[in-house]
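Reader: I am new to this structure and would like a close look at a single part of it, the opening helix and what surrounds it. Could you take me through that part slowly and explain each term where it comes up?

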Amino acid sequence: MNSIGDRLKIVRGSESRESFASKFGTHRNTLARWESGAGLPDFVFLQKIGEELELSSDWLLFGFGPMKRSESNTKLQSHEATLPPPEHPPTQDDEKLILLTEENRQLRTSEQELRKECRLLLEENRLVREENRQLREENKQLWQENKELSVNLARLETARNTATTETEHRNIA
């Protein structure tokens, strides 16, 4: 039975691994691991190539049925003959891939929600920092005003004490 890696090789055809990988947003070494069976592609990658190349998801994931979703597009159908017919229903590995693909989709959805929440928190943090900066500036101005008022108060008290002393001296004399 052939694997997803074998089917990826068939889909890629004679196109270079680097070109094919970059076209679908992955690295050539990652594609090489998938093609060799050392790893499994993620849902986003499978979805991209499935949509772009109009591949049947049954064929792409399990090797069943026609390679293409629509029989009208024959761009890659010539490769279907190179695939042996499936020997038996989906294996445990195929079922595991389906579960992992769904889990991957859910994790990506959660990741998107977390990224959105993170962006909101970062914006809130930015606004709080700006408010803190403004409050520090206002605090600095208030301290400066307080200092000036203290100096003026000290002058006024000195002037009052001087005036009181002078008045007392006049009253005595």
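Author: What follows begins with the opening helix and then turns to the aromatic rings, one loop residue and the pockets.

The model is a predicted one, in which local features need pLDDT of at least 70 and side-chain atom pairs count only at pLDDT 80 or more, while totals for chains, interfaces and linings use all residues. Residues are numbered from 1 along each chain as its sequence is written, and side-chain values use heavy atoms, with hydrogens and water left out.

Helix H1 covers residues 4-12, where helices are DSSP runs of H or I with at least four residues, numbered from the N terminus. Seven of the nine residues of H1 are buried, and buried means under 20% relative accessible area, exposed over 50% and partly exposed in between, with a 1.4 Å probe and protein chains only. The buried residues are Ile-4, Gly-5, Arg-7, Leu-8, Ile-10, Val-11 and Arg-12. They pack against helix H2 (17-23), helix H3 (28-36), helix H4 (43-52), helix H5 (57-62) and helix H6 (92-172), with contact taken as heavy atoms within 4.5 Å.

The two ends of H1 have details of their own. At its start, a side-chain oxygen of Ser-3 comes to within 3.2 Å of the backbone nitrogen of Gly-5. Just after H1, Gly-13 has a positive phi of about 60 degrees.

Among the helices that H1 packs against are H2, H3 and H4, and the aromatic rings come next. The structure has three aromatic pairs; rings of Phe, Tyr and Trp (its six-membered ring) pair if their centres lie within 6.5 Å, and planes under 30 degrees apart count as stacked, over 60 as edge-to-face and the rest as tilted. The ring centres of Phe-24 and Phe-45 are 6.3 Å apart and their planes stand at 80 degrees, so this pair is edge-to-face. Because Phe-24 lies in the loop between H2 and H3 and Phe-45 in helix H4, the pair ties together parts that are 21 residues apart in sequence. Both Phe-24 and Phe-45 are buried. For Trp-34 and Phe-45 the ring centres are 4.7 Å apart and the planes are at 55 degrees, so that pair is tilted. Trp-34 lies in helix H3 and Phe-45 in helix H4, so the pair ties together parts that are 11 residues apart in sequence. Trp-34 is buried, as is Phe-45, and Phe-20, Phe-24, Trp-34 and Phe-45 form one aromatic cluster.

In the loop between H4 and H5 sits Glu-54, a residue other than glycine whose phi is nonetheless positive, near 55 degrees. Glu-54 is partly exposed, with a relative accessible area of 30%.

H1 returns in the largest pocket, since H1 and H6 are the elements that give two or more residues to its lining after the following count is made. The largest pocket has a volume of about 270 Å³, and on a 1 Å grid over the protein atoms alone a pocket is an open set of points where a 1.4 Å probe fits, with protein on both sides within 12 Å along at least five of seven lines, while lining residues have an atom within 4 Å of a point. Grid points are joined across faces, edges and corners, and a volume is the space filled by probe spheres set on the points. Of the 16 residues that line the largest pocket, Ser-3, Ile-4, Leu-40, Asp-93 and Asp-94 lie nearest its centre. H6 provides the largest share of this lining, four residues.

Technical notes: A polar contact is a pair of N or O atoms within 3.5 Å; within protein, one must be able to donate a hydrogen and the other to accept it, and residues adjacent in sequence count only if both atoms are side-chain atoms.
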